[in-house]
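Let's take a walk through this structure together, one piece at a time. Keep the 3D view open and turn it as you read.

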Amino acid sequence: MVLELHVWGPAFSLPSIDAQCLATIAYLSQTVPKDAWVLVASSDPTVSPTCELPALKNGTTWVSKFRNIVDYLRQYSHGDWDLDGDLSGLEKADNIAFSSFVESRGQSLVDLSLYVTSQNYYNHTSPAYGSILQWPNQWILPPKLHDAAKARTDHLGLSSLDLEAIEEQRKRDHSAAVAAGQIPPNFIQRPRDTVTGLLGKTAQQNQFKLEALTAEFFDALEEILGAKRYLLTEEAATSLDCLALGYLALALVPDLTHSWLRDAMTAKAPRLTAYTERLRRGCYGLGAQTAQAQAHEGSTAPGSVLPWRASERPGLTTVGATLWNALADATPIWRDMRASTRLREAAESSDSGLSQTESETLSKVAVGQRKDLLVSMAAVVGGFAALAAYMVHVGIISVAGRDEEEEEELGEEYEAPAFQAEDLLSSLQI
């Protein structure tokens with residue numbers, strides 16, 4: 001049976017816009033025979049039961065995330081498709097430790113470069129998603145991914161790379177000053193900062209932080225690589241090399257407006273830069289056809305290193321489900337209920353990677369969150385019901401049936417004197 005690897009689609013002349021997807025593509029290209037798998041740029045997380053990409057499909061079995069896919073391929077092939085099979089015990093320990101370092105530091109830098117830096121996101125990243133996503137995902141998914149990247153890097157204190165955050169903070173500061181009476185409300189605001197001016201201030205404000213972050217990442221990998229051909233061994237690539245390639249390729253290859261990450265890599269780690277270029281050619285190829293065309297056409301030409309298969313166009317049911325999920329996630333209480341449900345399902349999943357104790361604890365937390373939401377909803381509904389009852393009691397709101405009865409009674413009282421006057425006139429005429 002042919003394995004299907006579903007990934008985020010190509011961008012920046014790379015086969016995917018996502019680092020984990022790039023790492024998984026590199027691993028399969030180095031281990032699995034070309035006729036045993038296909039690469040599908042579905043760019044739709046909902047194709048997988050876990051709603052995550054990359055996702056490997058084998059019949060009815062789905063496996064998500066790079067490390068889980070590596071483990072599954074090793075078990076499925078009985079060790080034949082395992083780049084780490086020949087590593088010693090110490091090298092396997094280094095593989096795990098270095099992989100964790102690459103994922104944590106590399107993801108933060110890629111987030112800052114492609115998403116948090118406003119000019120890069122709006123000029124390059126967002127249009128790239130627009131070219132690989134189909135309606136309505138092209139309007140729904142990029143803002144979610146943008147917000148998620150900003151949330152992941154918020155602890156780094158580099159939000160000033162985001163021009164929107166700068167402008168929002170300036171407006172908040174101005175409003176607070178007006179409320180405190182520090183400046184008159186009708187005071188003419190200073191002209192809004194230009195993009196060039198903001199970027200100039202950003203470069204000055206964040207220079208030391210970015211220098212520290214990039215040096216920590218690139219200097220460490222440059223030292224690990226040393227004079228070797230690969231990060232751990234001289235002979236062959238390992239899963240660590242595939243994982244590192246996913247993040248290093250997104251740091252080096254994209255031609256961005258504000259290319260501070262690529263400049264730092266080429267300046268601080270020349271051997272690592274050459275290593276990334278060599279590994280990228282070996283895993284992804286540099287044929288005449290672009291990755292974008294290969295993904296859309298499902299090209300398997302001789303010059304194509306990767307076994308692309310064209311993704312299926314979404315049907316009416318898929319589009320409706322996407323719109324329904326977008327509406328649900330935009331509704332505050334409903335969104336929180338769905339989040340707690342997803343958290344419980346992830347905790348109870350067999351491939352969550354959690355121990356039984358951790359899984360049970362996380363599941364209890366999710367159930368507790370759901371109960372808290374239900375209690376809050378009941379309290380809100382009860383409060384509105386009590387308020388409505390009180391307003392009816394004091395007469396602010398009247399019942400419709402009662403109003404009609406009162407009108408009928410008033411009508412009868414008004415008509416009674418008229419009958420008495422007619423009787424009086426008839427008696428006088430007699």
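Tyr390 sits in helix α14, which covers residues 356-394. Helices here are DSSP runs of H or I with at least four residues, strands are runs of E with at least two, and both are numbered from the N terminus. What kind of surface patch does Tyr390 help to make? Together with Val380, Phe384, Leu387, Val394 and Ile396, Tyr390 makes a nonpolar one of about 630 Å². To join such a patch, a residue needs over 30% relative accessible area and no salt bridge; nonpolar side chains (Val, Leu, Ile, Met, Phe, Trp, Tyr) are linked within 5 Å, and like charges within 9 Å. A salt bridge is a side-chain nitrogen of Lys or Arg within 4 Å of a carboxyl oxygen of Asp or Glu. The areas come from the Shrake-Rupley method with a 1.4 Å probe, and for residues only the protein chains shown count as cover.

Before we go on, a word on what you're looking at: it's a predicted model, where local features need pLDDT of at least 70 and side-chain atom pairs count only at pLDDT 80 or more, while totals for chains, interfaces and linings use all residues. Residues are numbered from 1 along each chain as its sequence is written, and side-chain values use heavy atoms, with hydrogens and water left out.

Now for the sheet. It is open and has 5 strands, in the order β4-β3-β1-β2-β5, with mixed pairing. At the edges you'll find β4 and β5 (308-309), each pairing on one side only. Two strands count as paired if DSSP finds at least two bridges between them.

Try following one row across. Strand β1 (residues 3-6) runs antiparallel to β3 (residues 55-58), joined by 3 bridges, and Glu4 has Lys57 as its bridge partner in β3. Lys57 in turn has a bridge partner in β4, namely Trp62. Strands β3 and β4 (residues 61-64) are antiparallel too, with 4 bridges. Their hairpin has 2 residues between the strands, and Gly59 takes a positive phi near 70° there.

Back at β1, look the other way: 4 bridges tie it to β2 (residues 37-40), and this pair runs parallel. Here the partner of Glu4 is Val38. Helix α1 (residues 19-31) packs on the sheet and touches β1, β2 and β3 (contact means heavy atoms within 4.5 Å). The direction of α1 makes about 160° with that of β2; axes are lines fitted to C-alpha atoms, for helices over the stretch in contact, and angles between N-to-C directions run from 0 to 180 degrees. Helix α2 (residues 66-76) packs on the sheet as well, touching β1, β3 and β4, at about 135° to β4.

The loops hold some oddities. Most residues other than glycine have a negative phi, and most peptide bonds are trans. In the loop between β1 and α1 lies Phe12, whose phi is positive, near 60°. Ser13 lies in that loop between β1 and α1, with a positive phi of about 65°. Which one is buried, and which exposed? Phe12 is buried at 17% relative accessible area (buried means under 20%, exposed over 50%, partly exposed in between), whereas Ser13 is exposed at 57%. Between β2 and β3 there's Pro54, and the peptide bond from Leu53 to Pro54 is cis, with omega near 10°.

Finally, find Thr125 in helix α4 (residues 118-132). Thr125 counts as buried because its relative accessibility is 0%. Leaving out residues up to four places away in sequence, Thr125 touches Phe12, Ile17, Leu114, Tyr115 and Asn120.

Methods: Buried means under 20% relative accessible area, exposed over 50%, partly exposed in between (1.4 Å probe, protein chains only).
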